[in-house]
Amino acid sequence: MSKHRTHLLDRWPVLLFLLFVACTGGGSTGKKADREVNVYSHRHYDTDKALFDAFTQATGITVNLVLADDNEVLARLEREGERSPCDLLITSDAGRLGQARLRGLLRPVHSALLDSVVPATLRDPEGHWYGLTMRARVLAYNKTKVRPEELPTYQALTAPQWKGRLLARSAENLYNQSLMAAFVAHYGPDSALAWARGVAANFARDPKGSDTDQLLAVAEGIGDVALANSYYIGKLMSGTEPERAKAREVLAVALPTMGGAGTHVNVSGAGVVKHARHEAEAIALLEYLLGAEAQRAFAEGNKEYPVRPGVAVDPVLASFGALNPDTLDLAQLGLNNATAVKQLQAAGWR
Ligand SMILES: [Fe+2]
């Protein structure tokens, strides 16, 4: 009996603390706990951080941001399972979002606002993910050596005239896998393989580096045509770095189509995680990021195409020409990713 009483007395500090936590709702983190959203994002841009701050200002909801490795983030969510603190996954490729859905890591959410603002081809049909910004995978060429009419389609890249002149990053890169997945979706695996084989046969060097590295390699004369995402070109062309002056001088942009279909586009987008504890806050953040103001910030700050209709494209992107985006349902990028990876390997695109 006395032993029991001693125990209770021993526990007084603990009981007092628990009482305190119950009364204050968890101390410094308590009140915030139901007004926060935990985000894993692959987008490491200043524009995003400024938008998260503005969202917190507007709503009182704290954004806890973890910058995630795009190649590792799905494995991490799987590993963490129900214990994952993540509410909202933001990635830079619809293929990744599609894979996340296929692996059961996202939940469908319903928002009339999101469904009305995001075009149907730029979101998951059941609300597992939504596009936030659009980017086109296009061609930057040396305008002293190439005429734009030589690059009407992606298919044109397989012509013998481009032997030793093309630059692209590795096939391990998801942007290339998603371009290939779009080819698979439109033309089937065999035609996609033949296309990739033809492109790889024309490479100026073995694939290496980032999209921006391909642009700089054109300026250095290593090749004449580079495959790159539109925002990397937009950022380079609107930049002021003296060491990139040569690239700004010689580069021009072609918006190739996929033959019958338009220019390959992809989205950076977000989905609410299956075990999210802050679903309402995650949806609120999604809705904020798709608001006209945030869409303008993405366009101006990061040179991305707005997903929301009616928001102006940044002048540097507008200078590339009018984009005629492929209207392929981007859910196809995730569904065809495995085939795309296999066929890129078979094509010798390293
Ligand atoms: Fe990127």
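**Buried residues, domains and an iron site in a predicted model**

Asn142 is buried, with a relative accessible area of 5%. The structure described here is a predicted model. Within the chain, Asn142 belongs to strand β4, which covers residues 130-142. When neighbours within four places in sequence are left aside, the residues in contact with Asn142 are Val218, Asp224 and Val250. Val218 is 76 residues away from Asn142 along the chain, yet the C-alpha atoms of the two residues are separated by 6.4 Å.

A second buried residue, Lys303, lies in a loop. This loop runs between helix α14 (292-302) and strand β9 (305-306). The phi angle of Lys303 is near 55°, which is a positive value in a residue other than glycine. The relative accessibility of Lys303 is 12%; because the limit for a buried residue is under 20%, Lys303 counts as buried.

The chain as a whole was then examined. The protein chain contains 17 helices and nine strands. Along the principal axes, its C-alpha atoms fill a box of roughly 95 × 40 × 40 Å. Of the 350 residues in the protein chain, 54% are buried. Among contacts with a separation of 6 or more, 77% are made by residues 24 or more positions apart. The exposed area of the protein chain is about 15600 Å², and carbon and sulfur atoms supply 54% of this area. The chain carries 38 positive and 38 negative charges, and the mean positions of the two sets are 3 Å apart.

The protein chain is divided into two parts, each built from two stretches of sequence. Domain 1 comprises 12-134 and 267-314, and domain 2 comprises 135-264 and 322-347. In the contact between them, 24 residues come from domain 1 and 21 residues from domain 2. The C-alpha centres of domain 1 and domain 2 lie 30 Å apart.

An iron ion is also present in the model. The iron ion is coordinated by the OH atoms of Tyr175, Tyr231 and Tyr232, at 1.9 to 2.1 Å. The spacing of these donor residues in sequence is Y-x55-Y-Y. Tyr231 and Tyr232 are both buried.

Technical notes
Residues are numbered from 1 along each chain as its sequence is written. This is a predicted model: local features need pLDDT of at least 70, side-chain atom pairs count only at pLDDT 80 or more; totals for chains, interfaces and linings use all residues. Side-chain values use heavy atoms; hydrogens and water are left out. Donors are N, O and S atoms within 2.8 Å of the metal (3.2 Å for Na, K and Ca); water is not among the atoms, so sites may look incomplete. Buried means under 20% relative accessible area, exposed over 50%, partly exposed in between (1.4 Å probe, protein chains only). Helices (H or I, at least four residues) and strands (E, at least two) are DSSP runs, numbered from the N terminus. Contact means heavy atoms within 4.5 Å. Accessible areas come from the Shrake-Rupley method with a 1.4 Å probe; for residues, only the protein chains shown count as cover. Lys and Arg count as positive and Asp and Glu as negative; His and the chain ends are not counted. The place of a charge is taken as NZ of Lys, CZ of Arg, CG of Asp or CD of Glu. Domain bounds come from an automatic or database domain assignment.
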